[in-house]
Amino acid sequence: MFGRQGVLSSLSQALIAPFSGGSMLGLPGLRLPPAGFLLLLPFLLLLLLPATPEPHRASYKPVIVVHGLFDSSYSFRHLLEYINEVWQGTHGCGALVASSEAGEGERGTECWACQLPRGAGAGTHPGTVVTVLDLFDGRESLRPLWEQVQGFREAVAPIMAKAPQGVHLICYSQGGLVCRALLSVMDEHNVDSFISLSSPQMGQYGDTDYLKWLFPTSMRSNLYRICYSPWGQEFSICNYWHDPHHDDLYLNASSFLALINGERDHPNATAWRKNFLRVGRLVLIGGPDDGVITPWQSSFFGFYDANETVLEMEEQLVYLRDSFGLKTLLARGAIVRCPMAGISHTAWHSNRTLYETCIEPWLS
């Protein structure tokens, strides 16, 4: 109602008035102020000090989460809580996760933190917008990966466009391969941190419950007969099946992994490498007790040789040739490796210690 100048003017008159109109120590025209006023005087003087601007609260970059094989957005409820925890009690904060009516192509689940009472337990990044994309859930995750890449691309592009400061990607299991392909094919992506959470980045070669359900009569030793056929490449898991004993078949038949790895020549290889190198940071997470990713070092770009001896990333041809940018990223200090034991495959996105150690530090 009153401007600052008006308040200061009124306050000045109030400070002077008590000293006028009487006598103080025998001096005409001045009188002693009331004792109560003297007690208030220091506080009133504080109002005369220049206003201090409120500190600027930096906002966190939006986070986009891409799920894995047979997953859905619900699987990531714990991760959402860790990133953007709300205090739920008598103060009336809203529900943590709410379905969003996003714009065209922006299908997902979003999370916001509410304003917390002083002393309440805020999350590590309150106010962060987190979107778990609801695409290719459940059995739909078996669709060919290039089809999934196109769908996720249409979903993430509007989110990136609204975040000129950049976004973070957290991509779990098979979703890590989808995200790596996105970084390759999107010319103008603005991904700051790409967090690959227990993802078979160099492929998969192991018998798992998923495989036994999908191909009940096949073992890993002969699954190449299915996966390296045109019919087999219609299943996502065959798109990154990497049989170290049939490398020639893999290179010729793989319609996805061999391409994004730059292991097979194609006309977009140079552009994809340039796009991938736009990423600010690559965070690789996995561990020896995963139980699904085989070998588990695939989460760190390690893989078997023909004798099933694991060669680490720096020994892989895709690194030595820098075919899609790994060597360049490592040289500029943009690769973070975070191995952690004692975590099974389905627990990576719900383990609080893992989140605080390997994910939270990179969500700027």
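Here are some exercises with worked solutions on this predicted model.

**Exercise 1. Get your bearings: how many helices and strands does the protein chain have, and what share of its residues is buried?**

Solution. Start with the secondary structure: the protein chain has 14 helices and 10 strands. Next, take the burial figure: of the 364 residues in the protein chain, 48% are buried. Finally, turn to the contacts with a separation of 6 or more: residues 24 or more positions apart account for 65% of these.

**Exercise 2. Describe helix 5: what is its span, and which of its residues are buried?**

Solution. Begin with the length. Helix 5 covers residues 174–185, which is 12 residues. From its first C-alpha to its last it reaches 17 Å, close to the 16 Å expected at 1.5 Å a residue.

Now look at burial, for which the cut-off is under 20% relative accessible area. The buried residues include Q174, G175 and G176 at the start of the list, along with C179, R180 and V185. In total, 12 of the 12 residues of helix 5 are buried, so the helix is largely enclosed by the rest of the structure.

**Exercise 3. Find the largest nonpolar core: which residues have the most contacts inside it?**

Solution. A general idea helps here: in soluble globular proteins, nonpolar side chains tend to be buried together. In this model, the largest nonpolar core has 63 residues, and F194 and L282 are those with the most contacts inside it. A second, separate core has 25 residues, among them V63, Y82, I170 and L363.

Follow F194 a step further, leaving aside its neighbours within four places in sequence. Its contacts then include G176, C179, R180 and L183, which are also listed as buried residues of helix 5. F194 is in contact with L282 as well, and with V279, R281 and V283. C171 is another of the contacts of F194, and this cysteine returns in the next exercise.

**Exercise 4. Work through the disulfides: how many are there, and which cysteines form them?**

Solution. The count comes to 3 disulfides. Take them in turn.

- C171 and C179 form a disulfide with their sulfur atoms 2.0 Å apart. The torsion about the S-S bond is about -85°, so this disulfide is left-handed. C171 has 0% relative accessibility and counts as buried; C179, at 0%, also counts as buried.
- C227 is joined to C238, with an S to S distance of 2.2 Å. The torsion is -60° about the S-S bond, and the link is left-handed. This pair links distant parts of the chain, with C227 in helix 7 (residues 224–227) and C238 in helix 8 (residues 236–239), 11 residues apart. Both C227 and C238 are buried.
- C338 is joined to C358, with an S to S distance of 1.8 Å. A torsion of about -55° about the S-S bond makes this disulfide left-handed. C338 lies in strand 10 (residues 335–339) and C358 in helix 14 (residues 352–359), 20 residues apart. C338 is buried, with a relative accessible area of 11%, and C358 counts as buried at 1%.

**Exercise 5. Compare two aromatic pairs: what are the distance and angle for F136 with F152, and for F301 with F324?**

Solution. A pair of aromatic rings is described by the distance of the centres and the angle of the planes. The structure holds 13 aromatic pairs.

For F136 and F152, the figures are 5.8 Å centre to centre and 40° between the planes, a tilted pair. F136 lies in the loop between strand 4 (130–133) and helix 4 (145–161), while F152 is in helix 4, so the pair ties together parts that are 16 residues apart in sequence. F136 counts as buried at 16% relative accessibility, and F152 counts as buried at 1%.

For F301 and F324, the centres are 5.8 Å apart and the planes are at 45°, so this pair is tilted. F301 is in the loop between strand 7 (281–286) and strand 8 (303–304), and F324 is in the loop between helix 12 (317–320) and helix 13 (326–331), 23 residues apart. F301 is buried, with a relative accessible area of 0%; F324 is buried too, at 4%.

**Exercise 6. Which residue has its charged end over the ring of F324, and which residues do ring pairs link into a cluster?**

Solution. For the charge, go back to helix 5: R180 is one of its buried residues. The charged end of R180 sits over the ring of F324, 4.6 Å from the ring centre. For the cluster, ring pairs link Y205, W241, F303 and Y304.

Methods
Residues are numbered from 1 along each chain as its sequence is written. This is a predicted model: local features need pLDDT of at least 70, side-chain atom pairs count only at pLDDT 80 or more; totals for chains, interfaces and linings use all residues. Side-chain values use heavy atoms; hydrogens and water are left out. Helices (H or I, at least four residues) and strands (E, at least two) are DSSP runs, numbered from the N terminus. The expected span of a helix is 1.5 Å times one less than its number of residues. Buried means under 20% relative accessible area, exposed over 50%, partly exposed in between (1.4 Å probe, protein chains only). A nonpolar core is a set of buried Ala, Val, Leu, Ile, Met, Phe, Trp, Tyr and Cys residues joined through side-chain atoms within 4.5 Å. Contact means heavy atoms within 4.5 Å. A disulfide is a pair of cysteine sulfur atoms within 2.5 Å. Rings of Phe, Tyr and Trp (its six-membered ring) pair if their centres lie within 6.5 Å; planes under 30 degrees apart count as stacked, over 60 as edge-to-face and the rest as tilted. A charge sits over a ring if NZ of Lys or CZ of Arg is within 6 Å of the ring centre and within 35 degrees of the ring normal.
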